[in-house]
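Dear colleague,

Please find below the structure that I am handing over to you. My notes on its sheet, a helix contact and its main pocket follow.

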Amino acid sequence: MYKTKTKWLAGALALTLLSGCTGKPAGDDLAYLTTGIQRDSALLTVNGRAVPAEKYLFWLSNAVETMRYYGLTDESDWNAPASDGVSTIAEGLKADALQTTLLYEVITQKAAELGVTLSQEEESRIQTDMAENTAALGGEEAFQEMLAQQCISNEGFQALNRVYYLNEALRAKLAADGLLDVTEADVDTYIQENGIYAAKHILIATRRAGEGYSYEEYTEEEKAQAAEKARDLRRQLAEADDSEELFDTLMNQYSEDGRDENGDLYYPQGYTYVFSAEKVTGYGQTAMVPEFEEGALALELGQISDPIQTDYGYHIILRIPVDREQVKADCTADYKLQQLTQQWMDEAVVETTQAYDELDVKLFYQNLTAQTEARAAAAAAESAAPAESTAPAESGAPEESSVPTEGQ
């Protein structure tokens, strides 16, 4: 979760359809000017609870703005495949905004269900956040314009900010109830879900280091010698009474997997906490090249592979147990809260209106850009116009005085 400072069910509901809203929208309601959707109308429901359009359009405007930062324009192909390779860019933006809207809504609903409320101090902090945002933007007028350009009202923005504090309070409640305690079963699940494994290997290289980060490939003759050396080491291991003990001996003697200034291997205990490549999502998470990963995952604990060739050379791999203490550094109460939150989202019933289904993201982008630019131009013109003078106009006739003269 973060502060707002900066499996869907689609169906037509018996809600106020956005194209048929009645009543006059607020003058700064860019949601209406951009889409014909009043920001306080219902655009979707989560578990039967209506979600105001402004909460969705806020996240959609942010998603579009992010893509614009990375080069998306009117001329871009909005129907090109998104990063997931399934949806289009436009569909991806729409889905991302819906996902974030759902996240904020399920946290709000779960807090209410569990009786979690904010303290007066937290409510005061929200007001402080708003004041800091306002000051950072240069004043109330600029702050309100920023909100308008993101299709949200002051009240709606405060409501989103409340979710940050609700999430913290919800976390405290769940922790107090023991629902965020990490068990050994949780560790097992974390290992399985992330494809975590551990392995030692003996690397017989087929290239040498060049200048900087470059490498020089061995000659074909040298590569053949490396392959024969790897096969010989594997034969020794096959004939050993204690192959794991011999593996450590041979690894420390022959492996070319990087050594320090004393000649010792950087990883004498092996790679004790390795993520499957498709699961790597963060800094510090280690993944191996595909051939290595495939070979390691094909082994049982204590089993040794035949030589496996990669761009680095020939690897003889020994599958070892995962370091569970390393896993526990990541499988924490925060992780359990994320898992619970994802479960709430997966179980949520999301229903959208016809207006949501027909919302054209590219058109939204174009209209919002045009409206924003028009407002900026109008503001600039207003500030450039000369102010009315309060000085007396020059004239040949004296102005009447309001001060009495003698004789009056």
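Two strands are taken to pair if DSSP finds at least two bridges between them; strands (E, at least two residues) and helices (H or I, at least four) are DSSP runs, numbered from the N terminus. The model is predicted, so that local features need pLDDT of at least 70 and side-chain atom pairs pLDDT 80 or more, while totals for chains, interfaces and linings use all residues. Residues are numbered from 1 along each chain as its sequence is written, and side-chain values use heavy atoms, without hydrogens or water.

Strand 8 and strand 9 (residues 313-320) run antiparallel and are joined by two bridges, with Q309 opposite Y314 in strand 9. They belong to an open sheet of four strands, ordered 7-4-9-8 with antiparallel pairing. Strand 7 and strand 8 (308-309) are at the edges with a single partner strand each, so one side of each has no neighbour in the sheet.

The axes (lines fitted to C-alpha atoms over the stretch in contact, with angles from 0 to 180 degrees between N-to-C directions) of helix 6 (residues 154-176) and helix 12 (residues 333-347) come within 11 Å and cross at roughly 110 degrees. These two helices are therefore roughly perpendicular (65 to 115 degrees). In contact (heavy atoms within 4.5 Å), N167, L170, R171 and L174 of helix 6 meet A333, D334, L337, L340 and W344 of helix 12.

The largest pocket (an open set of points on a 1 Å grid over the protein atoms alone where a 1.4 Å probe fits, with protein on both sides within 12 Å along at least five of seven lines) has a volume (the space filled by probe spheres set on the points, which are joined across faces, edges and corners) of about 620 Å³. Of its 29 lining residues (an atom within 4 Å of a point), D257, Y267, Y271, T286 and M288 are the closest to the centre. Strand 7 gives the most to this lining, with four residues.

Yours sincerely

Methods: Angles under 35 degrees count as roughly parallel, over 145 as roughly antiparallel, 65 to 115 as roughly perpendicular and the rest as oblique.
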